[in-house]
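I opened a fresh page today to go through this structure piece by piece. Here are my notes, in the order I looked things up.

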Amino acid sequence: QVQLVESGGGLVQPGGSLRLSCTASRGSVSDYIMGWYRQSPGKERELVAGFTASDTPIYIQSVKGRFTISRDDAKNVVYLILNKLKPEDTAVYYCNSRPSRLPWGQGTQVTVSS
């Protein structure tokens, strides 16, 4: 079964940037409509960005203009570029299909703090 591995998180100051990567073992991300999710302490996991069936990127309102999702099928990777980060973006970020049907990976922690 597909196993998802997220990486690229870290501690960054407000206004900073990060690039998250999601790769799949025993499978290919191109086989799925993919998305990025996040979960903050005490909150439910939410979809942050994803692709539609026609490969159009979609974003939740709070990250529009700041986050960018992209995919490199040749490298079997889905990226999430995070710009102009805010403290409220602090969360563990996960990738999964849309809707989320695959086993969840470990996620990657993003902490935005001065």
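**Entry 1: burial and the disulfide**

Before starting, I fixed one term: buried means under 20% relative accessible area, exposed means over 50%, and partly exposed covers what lies in between. I also kept in mind that this is a predicted model.

With that settled, I looked up Cys95 and found a relative accessible area of 0%, so Cys95 is buried. Its partner Cys22 is buried as well, with a relative accessible area of 0%. The two are joined by a disulfide, with an S to S distance of 2.0 Å. I searched the whole structure for others, and the search gave 1 disulfide in total.

Which parts of the chain does the pair tie together? Cys22 sits in strand 3 (residues 18-25) and Cys95 in strand 9 (residues 91-97), so the link ties together parts that are 73 residues apart in sequence. I then checked the handedness: the torsion about the S-S bond of Cys22 and Cys95 is about 65°, so this disulfide is right-handed.

**Entry 2: the open sheet**

Next I traced the strands. I found an open sheet of 6 strands in the order 2-10-9-4-5-6, with mixed pairing. Its edge strands are strand 2 (10-12) and strand 6 (57-59), each of which pairs on one side only. On average, neighbouring strands of this sheet are turned by 25° against each other, direction ignored.

I zoomed in on the strand 6 edge. Strand 5 and strand 6 run antiparallel and are joined by 3 bridges. There, Phe51 stands opposite Pro57 of strand 6.

**Entry 3: pairings of strand 3**

Having met strand 3 through Cys22, I looked up its pairings. Strand 1 (residues 3-7) pairs with strand 3 in the antiparallel sense over 5 bridges. In that pairing I noted Val5, whose bridge partner in strand 3 is Thr23. Strand 3 also pairs with strand 8, again antiparallel, over 6 bridges. Here Ser21 has Tyr79 of strand 8 as its bridge partner.

**Entry 4: the nonpolar core**

I then turned to the largest nonpolar core, which holds 26 residues. Which of its members touch the most other members? They are Leu4, Trp36, Phe67, Val78, Leu80, Leu82 and Tyr93. The elements giving two or more residues to this core include strand 4 (34-39), strand 5 (46-51), strand 7 (67-72) and strand 10 (108-112). Strand 3 provides the largest share, 4 residues.

I picked Val78 for a closer look. Leaving aside residues up to four places away in sequence, Val78 touches Leu20, Ser21, Cys22, Val29, Met34, Trp36, Phe51, Ile69, Ser70 and Arg71. I was pleased to meet Cys22 of the disulfide again in that contact list.

**Entry 5: aromatic pairs**

How many aromatic pairs does a search of the whole structure find? I got 2. One is formed by Tyr37 and Trp104, edge-to-face, at 5.2 Å centre to centre with 85° between the planes. Tyr37 lies in strand 4 and Trp104 in the loop between strand 9 and strand 10, so this pair ties together parts 67 residues apart in sequence. I checked exposure too: Tyr37 counts as buried at 9% relative accessibility, whereas Trp104 is partly exposed at 34%.

I also noted Tyr94 and Trp104: their ring centres are 5.7 Å apart and their planes are at 80°, so the pair is edge-to-face. Tyr94 is in strand 9, 10 residues away from Trp104 in sequence. Tyr94 is buried, with a relative accessible area of 11%. I logged Tyr37, Tyr94 and Trp104 together as one aromatic cluster.

**Entry 6: two loop residues**

Buried or exposed: what is Lys84? At 55% relative accessibility, Lys84 counts as exposed. I located Lys84 in the loop between strand 8 (77-82) and strand 9. Not counting residues up to four places away in sequence, Lys84 touches Gly15, Gly16, Ser17, Arg66 and Asp89. The C-alpha atoms of Lys84 and Gln13 are 9.4 Å apart, although their positions lie 71 residues apart along the chain numbering.

My last lookup was Gly27, in the loop between strand 3 and strand 4. Gly27 is partly exposed, with a relative accessible area of 32%. Beyond residues up to four places away in sequence, Gly27 touches Val2 and Asn76. From Gly27 to Ile81 I got 23 Å, C-alpha to C-alpha, for two residues 54 apart in sequence.

How values were computed: Residues are numbered from 1 along each chain as its sequence is written. This is a predicted model: local features need pLDDT of at least 70, side-chain atom pairs count only at pLDDT 80 or more; totals for chains, interfaces and linings use all residues. Side-chain values use heavy atoms; hydrogens and water are left out. A disulfide is a pair of cysteine sulfur atoms within 2.5 Å. Buried means under 20% relative accessible area, exposed over 50%, partly exposed in between (1.4 Å probe, protein chains only). Contact means heavy atoms within 4.5 Å. A nonpolar core is a set of buried Ala, Val, Leu, Ile, Met, Phe, Trp, Tyr and Cys residues joined through side-chain atoms within 4.5 Å. Two strands pair if DSSP finds at least two bridges between them. Axes are lines fitted to C-alpha atoms, for helices over the stretch in contact, and angles run from 0 to 180 degrees between N-to-C directions. Rings of Phe, Tyr and Trp (its six-membered ring) pair if their centres lie within 6.5 Å; planes under 30 degrees apart count as stacked, over 60 as edge-to-face and the rest as tilted.
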